[in-house]
Structures are given as C-alpha cells and as structure tokens.
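Biologist: Mind if we go through this one together? I keep wanting to ask what stands behind each label.

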Amino acid sequence: MSNAFSNAMKQLDVAAKYLDFEPEILDKLRSPKRAFNFSLPVKMDNGTTKTFEGYRVQYNDARGPFKGGIRFHPKADMNEVKALSFWMTIKCAVVGIPFGGGKGGVTVDPKKLSATELENLSRAYARALGKNIGPYIDVPAPDVYTTPQIMAWMMDEYEKLVGCHAPGVITGKPLSVGGSLGRDTATAQGAFYVLQSLAKKIRLNKKASLAIQGFGNAGYHLARLAYDAGYVIKAIADSRGGIVALDAKGFDPKEVVVYKENNGELGSNKTKYKKIVSEKVLEEKVDVVVPAALENQITLKNVGKIKAAVVLEVANGPTTPEADVKLFKKSVVVCPDVLTNAGGVTVSYFEWVQNLQGYYWTEKEVFSKLQPIMESSFAAVWDISQEKKVDLRTASFVLAIKRVVEAMKARGY
C-alpha cells in the first residue's frame, strides 16, 4: 500500500513549484515539530492487562494550537498519523482558521473492546499525553472509530491532571459537557457546501448521480443532504459491501439506514438493487464519486476505471498522487480532502471558541458561520487553480502553504 506520509510530501513538492519561498523554510514543513509514541497498559474485563500502542504528532503550530483528531483503528501507525497531521496543517490553513495541525491514534480494533475497556483505553491515552495537550497547546477531536463519549472521557481525565475545568482541551464532545450544536453533521455540511459551489462552476446537473464509499457519519449525512437537494444517490458502500440502485430514482439514505439497523447490512425495502464489493462503488457510472472511508482508495490500480466527472474527497487522503495526475489528465475534477472535509475542523474551531467564551450558539448560528467560510475557501482555491492552471488539490496546497509560511516567517522561524 502507498506510504501516506510519502504521498503527503509529494503533494508538498508539487505545490512548492508554484511558490517563491526559500527552500530551507519549505524544508521545515517536511517534518513535524514533535511526535509522541507511547505504550498504553489497559486493564481488561478478564483481569489481565493488555498494552496498546498510541501516537500523537504535533506537526506545525505557526498559525495557532495544534489541532486534529484521534483515531482508534487496527491499522493506525506513526506513518499514517504523521501524514494526517501534515494534512491537518494544510486543512486549517485552507479555510483560514487559527490552528496548526496535529493527529493522534491507537492501534486497536475498538469493536472488540467492552465499554469499560474502551473507557480505560481512552483515559490511558489522555494520561499519556498529559500536559502536552491543552486549549492553547493542542486540541484533539474525534476521528475514525472515536466518538463524543470517548472525547468526554479524555477531557475528564485531562481535567483531573490540571485540576480545573478545561472544556476547550478537546472538541467533538457531547453537548452536555461543552460540545457544539451542528458538530455531528459538520463534515458533511461543509462537503455539501463545496459540492454546491463546484456544481455552479462546472454546471453540474441538478439531479446529478452520486456513489458514496463509506456510510458512517460523514457519508450518511452527505448522502442525506444531497438527496434532499435533488441529487440521485445511485450507490452506497460501507466496510461490509456495497449496493447499487437499479431504480433511476436511486436510494433514500434515511431508508437505507433503517434497513441497516434492522438487518445488519446495507439494503433497501423500497428500491431494487444489486450487491457489489465496497471498492467497486467508486467505479460506478455516476457524475460524482465520494470516497468517504479511508486513505488510498483511488490508486493506479483502479484510476482508469473511474467514470465520474467529479471526485469529492470526504475521507482523508483517499487518492494517491499518481492517481491524481491521471485524473487531472482525464479532466476529472477532484475536490481535495483538505478543502472538502474541512467543515468538521471548522465547527471544531467554533466549539473551541464557545468553550473559551462560555457562550454557546444555536445550530442555525453555527451553519450560518460555516457556509461563508466553506464557500469563500472554495472560491479562493478555484481562482488559484484557474490562474495557475493546476488541479484543485495543488491550488489548495498553494493557498495553505503560503499562509503557513507567512506565519512562520512572522514568528522568525
């Protein structure tokens, strides 16, 4: 499988060609400021102690505190976390919020843990980080297979260490302990604003068809928003498999969720469909494919089978650099992850602001602030892509790196 951090550095190299900065300052962006690798001993329900490996990478904080999620996943490793922390640095700069980039993870299959074991692991992770996180240092958040409840446990453990309430230490929390309204749908909402902005630029059909790989929180809510706006949801996949609608009207995502809850797999009682493997969903003949699962889903092996006019990246790093080149040559528009899924971190920023102020907003206020940020960020990236005749990912990196380097220079790095 392609090396995630190597991919990230290739993306940096491409963007650097369009930037007039000293090589030495760009070289500072090729490695994180600091990285933590620690063992997490956890007491299991059977009385034994099992040790898990945990990571946290704090990549760059020139523009503000480190910011980025924590994932619990069997394949999480330092290389992946380092890449994700770099992408978070870029992502925060693309949408202009005052954060740097960070990321964390634990190599674990959380589905195999009991609720008690999961809480013990979450608290162990927070203790291991100790005072290396904080509202003005590093602000974690949920990611793959982590939840608001896990964030609440981590926040509580951190507050025990510092001896005071500090809800701003972590975002993506339950509403009862300082979470923000709108956070659960923010990633999808931001991606939808990007999709709508792109649709106007390329005159995408108002009933364009979508194939969505990944039907978790982001994938489902994007499908719901798109369906309600008139898009046709033709294909959906999760980790167990995919379904393709045989009806021209496609799927109602809400009905698919109900079916899954009742049957344990994707399906529909109202729409005829066929089953396919998850990976093949991206190869369906649709207008827009949405990789909303994990990294490295569109590669040299399958890029030639992509039939869509648009790739809307809701997942982090789903397209390899080599595949990016092929898609650009085919005139496929790739809306990159560092722009498309930045709604999540933007509303995380809103949560942090509300925590620091002790003043909370309505969901309507949250989205009224999110929409102009996503739309203006898309417009800025689009303009750069047209001016320099580059793809939207390169344009996003050019915009972000310029902002990060300006902050680094202002600080005298």
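Biologist: It's a predicted model, right? Then start me off: leaving aside neighbours within four places in sequence, which residues is threonine 394 in contact with?

Modeller: Yes, the model is predicted. Leaving those neighbours aside, threonine 394 is in contact with Val14, Ala15 and Tyr18. A contact needs heavy atoms within 4.5 Å.

Biologist: And where is threonine 394 found?

Modeller: In helix α13, which covers residues 392–411. The chain has 13 helices, along with 12 strands.

Biologist: Why is threonine 394 called buried?

Modeller: Its relative accessibility is 7%, and buried means under 20%. So threonine 394 counts as buried. As for the chain, buried residues make up 60% of its 413 residues.

Biologist: What makes the chain as compact as a globular protein of that length?

Modeller: Set the radius of gyration, 21 Å, against the 22 Å that the globule rule gives for 413 residues. The two are close, so the chain is as compact as a globular protein of that length. The C-alpha trace spans about 60 × 55 × 40 Å along its principal axes.

Biologist: How many of the contacts between residues at least 6 apart in sequence join residues at least 24 apart?

Modeller: That's 69% of them.

Biologist: What about the accessible surface of the chain: how much belongs to carbon and sulfur atoms?

Modeller: 51%, out of about 17300 Å².

Biologist: And where do the charges sit on average, how far apart are their mean positions?

Modeller: For the 56 positive and 43 negative charges, the mean positions are 3 Å apart.

Terms used: Residues are numbered from 1 along each chain as its sequence is written. This is a predicted model: local features need pLDDT of at least 70, side-chain atom pairs count only at pLDDT 80 or more; totals for chains, interfaces and linings use all residues. Side-chain values use heavy atoms; hydrogens and water are left out. Helices (H or I, at least four residues) and strands (E, at least two) are DSSP runs, numbered from the N terminus. Buried means under 20% relative accessible area, exposed over 50%, partly exposed in between (1.4 Å probe, protein chains only). The radius of gyration is taken over C-alpha atoms; the globule rule is 2.2 Å times the number of residues to the power 0.38. Accessible areas come from the Shrake-Rupley method with a 1.4 Å probe; for residues, only the protein chains shown count as cover. Lys and Arg count as positive and Asp and Glu as negative; His and the chain ends are not counted. The place of a charge is taken as NZ of Lys, CZ of Arg, CG of Asp or CD of Glu.
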